[in-house]
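Me: I'd like a close look at just one part of this model. Could you take your time and go through what surrounds it too?

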Amino acid sequence: MSTANPQALIMPADWRDFFALTKPGVMRLVIFTAVCGMLAAPGTIHPVLAFTAILCIAVGAGGAAALNQWWEADLDAVMKRTAKRPIPDGRMERSSARDFGFALSGLSVMTMGLAISWLAAGILAFSIFYYAYLYTVWLKPRTPQNIVIGGGAGAFPPLIGWIAVTGHITWMPVLLFLIIFMWTPPHFWALALFVQIDYSKAGIPMMPVVAGERSTRRQILAYAAVLLPLSMTPWFIGGTGMIYGLSALLLSGLFLWLSIKVGLRTSATGDGMKPEKRLFAYSIFYLFILFAMLVADRFATVYGIQA
Ligand code: HEM
Ligand SMILES: CC(C)=CCC/C(C)=C/CC/C(C)=C/COP(=O)(O)OP(=O)(O)O
């Protein structure tokens with residue numbers, strides 16, 4: 001019997017533990033961006049097929065998260081934030097998480113291929129492989145650039161949603177991919193600044209531990225500065241109208257402002273890392289609203305509210 005904590009008595013896992021294994025907190029934004037990618041795409045898709053495609057992305061992402069926890073159970077056991085996850089807490093056999101992860105992944109890719117498109121299925125399979133293997137097994141324990149490169153995995157869902165509708169890749173879904181790609185480092189490093197003790201305990205080379213706090217702060221600022229014009233590019237190339245363009249300007253402007261507050265500090269000055277916590281919380285709000293505005297913009301164009 002292999003568990004992260006050999007002392008722990010394994011209780012039979014119930015559905016709540018399996019649900020927790022899919023990282024539902026993080027995945028709701030992953031799913032939301034996929035839905036938005038689908039709704040913003042030019043074209044139509046039968047509602048049943050649209051629902052199936054979203055379900056496949058959600059199940060695939062959940063499967064990848066389960067494989068991530070199967071692989072990282074020992075690391076999760078030493079970090080306070082993750083010690084209560086089903087495997088390190090002794091509520092689930094490691095092999096159950098592995099089997100669950102592979103089953104969800106296989107099921108989601110096959111269903112996507114058979115019901116929607118094999119291009120969408122191929123990209124879904126690649127993003128599962130990207131998160132569960134390239135990021136989790138390969139990059140995360142090796143390099144402080146782990147989340148910069150690994151962030152690519154989380155950037156695929158809107159692209160998959162878009163392709164499920166249109167059947168092909170154009171600049172717009174690639175830009176949506178790039179926006180999430182650039183967003184991930186500030187999102188994660190803001191968090192890593194106030195939970196860095198945990199990551200160093202687990203021996204994971206996260207940026208604040210390896211390059212230091214100061215360099216991490218500067219890099220957050222750099223990514224946020226690139227994100228501002230990048231987030232407006234869909235408008236510049238005529239892929240969206242003004243509703244999205246001005247929303248991106250406002251939202252990314254505030255993102256940059258909060259990043260400046262984090263980036264120009266040398267270290268926390270007895271305020272409990274308030275600016276870092278604020279930036280992390282805002283990063284999540286930012287992506288939700290930015291993608292919601294993308295959909296609002298498309299609907300406004302379709303219904304003739306904007307040119
Ligand atoms: C490699 C890239 C990423 C890393 C390392 C990362 C890491 C984290 C961590 C450690 C948390 C803390 C809370 C938790 O464990 O649930 C978190 C929260 C969160 N992340 Fe990320 N994240 C990444 C990319 C993404 C992406 C691509 C999305 C969505 C598009 C996302 C959405 C969220 C959300 C919504 C939360 C809040 C969860 C909650 O409120 O329960 N993250 N992230
Ligand atoms: C369709 C598809 C496969 C989507 C994948 C979505 C994806 C890669 C999201 C990444 C976000 C995520 C859960 C990061 C956690 O990092 P971590 O696992 O290093 O965090 P931890 O320290 O909390 O374990």
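Where in helix 7 does a kink lie, and which proline comes shortly after?

Reply: The kink is at Ala155, with a bend of about 35°, and Pro157 is the proline that follows shortly after. The bend at a residue here is the angle between two fitted axes, one for the seven residues ending there and one for the seven starting there. Before going on, bear in mind that this is a predicted model: local features need pLDDT of at least 70, side-chain atom pairs count only at pLDDT 80 or more, and totals for chains, interfaces and linings use all residues. Residues are numbered from 1 along each chain as its sequence is written, while chains are lettered from A and ligands numbered from 1 in the order in which they are written.

Now the helix as a whole. Helix 7 runs over 146-166; helices (H or I, at least four residues) and strands (E, at least two) are DSSP runs numbered from the N terminus. Helix 7 has 21 residues and spans 32 Å between its first and last C-alpha, close to the 30 Å expected at 1.5 Å a residue. That expected span is 1.5 Å times one less than the number of residues. After the helix comes Gly167, with a positive phi near 85°.

How enclosed is it? Of the 21 residues in helix 7, 19 are buried, so the rest of the structure largely encloses it. The cut-offs go by other C-beta atoms within 10 Å of a residue's own: 20 or more is buried, 12 or fewer is exposed, and in between is partly exposed, with C-beta atoms placed from the backbone.

Helix 7 also turns up around both ligands. The shell around ligand 1 has 17 residues, and the nearest are Gly25, Val26, Leu29, Ile147 and Gly154. A residue counts as near if its C-beta atom, placed from the backbone, is within 6 Å of the molecule or strand. Helix 7 gives two or more residues to this shell, as do helix 2 (24-40), helix 8 (171-194) and helix 13 (274-302). At least three shell residues come from each of domain 1 (12-167) and domain 2 (170-307), with the bounds taken from an automatic or database domain assignment. By class, the shell around ligand 1 holds 9 nonpolar, 7 polar and 1 charged residues. In that scheme Ala, Val, Leu, Ile, Met, Phe, Trp, Tyr, Cys and Pro are nonpolar, Asp, Glu, Lys and Arg are charged, and the others, Gly among them, are polar.

Gly154 shows up again at ligand 2, where the closest of the 20 surrounding residues are Ala61, Ala64, Tyr131, Ala153 and Gly154. Here at least two residues come from each of helix 7, helix 2, helix 3 (47-71) and helix 6 (118-139). Helix 3 has the largest share of the shell around ligand 2, with 6 residues. The class split around ligand 2 is 12 nonpolar, 5 polar and 3 charged.

Then there's the packing. The largest nonpolar core has 87 residues, and Met38, Ala53, Ile57, Ala120, Leu124 and Ile160 have the most contacts inside it. Such a core is a set of buried Ala, Val, Leu, Ile, Met, Phe, Trp, Tyr and Cys residues joined through C-beta atoms within 7 Å. Helix 8 supplies the largest share of this core, 14 residues. Both domain 1 and domain 2 put at least three residues into the core.

A few spots on either side of helix 2 round this off. Lys23 sits in the loop between helix 1 (15-21) and helix 2, and its phi is positive, about 50°, although it is not a glycine. Lys23 has 18 other C-beta atoms within 10 Å, so it is partly exposed. Ala41 lies in the loop between helix 2 and helix 3 and is buried because it has 22 C-beta neighbours inside 10 Å. The Ala41 C-alpha is 8.2 Å from that of Ile163, although the two are 122 residues apart along the chain.

For a second helix to set beside this one, try helix 13. Helix 13 has 29 residues and reaches 42 Å from first C-alpha to last, close to the 42 Å expected. Just after helix 13 comes Gly304, whose phi is positive at about 70°.
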